[in-house]
Amino acid sequence: MTTEKDYVLGTHDEEIERLGLQHRVWRPKATDAWQRAGFTVGQTLLDVGCGPGYATLDLADIVGPTGRVVGVDRSRRFLSHLETQLELRGIGHVETVEVDLDDAQLAERLPAGIDGAWCRWVFAFVQDPKALLVRVAGALRPGGVMVIHEYFDYSTWRLIPPSPAQELFVGKVMETWRATGGEVEIGTSIPGWLGELDFSIESVRPLIEIVGPRDYFWEWPKAFVDVGVERMRELGSLTGAEADSVRQALADAERDPRSLMVTPGVIEIIAKR
Ligand SMILES: C[S@@+](CC[C@H](N)C(=O)[O-])C[C@H]1O[C@@H](n2cnc3c(N)ncnc32)[C@H](O)[C@@H]1O
């Protein structure tokens, strides 16, 4: 019997690899946000919903051995991936916490008085994102900073010229995501909640790209299609024929160097407690 806590996209090896590629493509944007948020040497930072820990390792580099990073997730498989990396690299200032972010005991499991929290593509999956925000806010010291990357408009993900198969896929992903209790476009709610919690919004901006098949950024949605189409088929959200047509639409677009892709709209929020 497995006790692994899956999420809608799975915690299998292909998803661990996909999250790695995703982080490499997004690393410049994450690093830029962390710098503007003032993340620096000696701080204690939280990686909320850290997954396999790709960003956690970068945050560990930033704070250095005089600082501390705590990676929190409910997936044992993902946390084990991070723990293996920590051992291989001889990193001693990162801890993992295995807990469900929807669990009220999260508050007791987080260190108090942290300097900053990073949370990317996690509020969209939990059952009670507002409660999670309140719990993370409670762990931040006054003046502590939260950096958030979440979707605000998933339907911006389109091919140019448009492809009905690709747009069907985007619709099915949103539908399946919501059926598991998550809200894919949770980025539209977070600024208001931060206001209610008396955070000051230091910066808010859209992160969206229009890229061609030769761009590195193209690899991100491409990897999502590679893993996601199969996952949606397993979950019964796509028929075999629909899955094939989505793969075909992307392959056709990739063969034409004039194709463009608009990426799903991400909101970046930097907010101070
Ligand atoms: C799309 S991944 C993002 C991982 C990481 N933040 C990143 O940017 O690479 C979503 C993560 O949220 C975690 N997650 C989803 N729901 C959760 C919950 N209720 N409690 C804890 N972790 C959860 C998953 O296990 C997964 O690691």
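Helices and strands, as I shall use the words, are DSSP runs: a helix has at least four residues and a strand at least two, and both are numbered from the N terminus. With that convention, helix α2 can be placed at residues 54-63, and just after α2 comes Gly 64, with a positive phi of about 70°. I should say at once that the structure before us is a predicted model.

Let me stay with α2 for a moment. This helix is mostly covered, since seven of its 10 residues are buried. Those buried residues are Tyr 54, Ala 55, Thr 56, Leu 57, Leu 59, Ala 60 and Val 63. Their packing partners are α1, β1 (44-48), β2 (68-73), α3 (76-89), β3 (94-98) and β4.

One of those partners, helix α1, contains Leu 19. Is Leu 19 buried or exposed? Leu 19 has 22 C-beta neighbours inside 10 Å, and a residue counts as buried from 20 upwards, so Leu 19 is buried. Leaving aside residues up to four places away in sequence, Leu 19 touches Gly 51, Pro 52 and Tyr 54. There is also a long-range relation to note: Leu 19 and Trp 220 lie 201 residues apart along the chain, yet their C-alpha atoms are separated by 9.2 Å.

I turn now to the ligand. Which residues are the closest to the ligand? They are Gly 49, Gly 51, Arg 74, Leu 101 and Phe 125, out of 20 residues that surround it. Two elements give two or more residues to this shell, namely α1 (13-37) and α2 (54-63). By character, the shell divides into 11 nonpolar, four polar and five charged residues.

Next, the interior. In soluble globular proteins, nonpolar side chains tend to be buried together. Here the largest nonpolar core holds 68 residues, and those touching the most other members are Leu 45, Leu 46, Val 48, Ala 117, Val 122, Val 136 and Val 147. Strand β5 (residues 140-153) supplies the largest share of this core, with seven residues. As for Ala 117, its contacts are Leu 45, Leu 46, Val 48, Val 136, Leu 140 and Met 146, again not counting residues up to four places away in sequence.

Strand β5 deserves a closer look. Why is β5 described as largely enclosed by the rest of the structure? The reason is that 10 of its 14 residues are buried. β5 pairs with strand β4 (residues 114-120) in the parallel sense, over six bridges, and Ile 114 stands opposite Leu 140 in β5. Together with helix α5 (residues 129-139), β4 and β5 make a right-handed β-α-β unit. β5 is also joined to strand β10 (residues 265-272), this time running antiparallel, by eight bridges. In that pairing, Asp 153 stands opposite Gly 265 in β10.

Finally, I would draw attention to an open sheet of three strands. Their order is β6-β9-β8, with antiparallel pairing. Which strands are at the edges? They are β6 (158-160) and β8 (210-211), each of which pairs on one side only. β6 meets strand β9 (residues 260-262) over three bridges, and Leu 159 stands opposite Met 261 in β9.

To close, I return to two points from this predicted model: α2 is mostly covered, and α2 also contributes to the shell around the ligand. Thank you for your attention.

Conventions:
Residues are numbered from 1 along each chain as its sequence is written. This is a predicted model: local features need pLDDT of at least 70, side-chain atom pairs count only at pLDDT 80 or more; totals for chains, interfaces and linings use all residues. A residue is near a molecule or strand if its C-beta atom, placed from the backbone, lies within 6 Å of it. Ala, Val, Leu, Ile, Met, Phe, Trp, Tyr, Cys and Pro count as nonpolar, Asp, Glu, Lys and Arg as charged, and the others, Gly among them, as polar. A nonpolar core is a set of buried Ala, Val, Leu, Ile, Met, Phe, Trp, Tyr and Cys residues joined through C-beta atoms within 7 Å. A residue is buried if 20 or more other C-beta atoms lie within 10 Å of its own, exposed if 12 or fewer, and partly exposed in between; C-beta atoms are placed from the backbone. Two residues are in contact if their C-beta atoms, placed from the backbone, lie within 7 Å. Two strands pair if DSSP finds at least two bridges between them. A crossover is right-handed if, with the strands pointing away from the viewer, the path from the first strand over the helix to the second runs clockwise.
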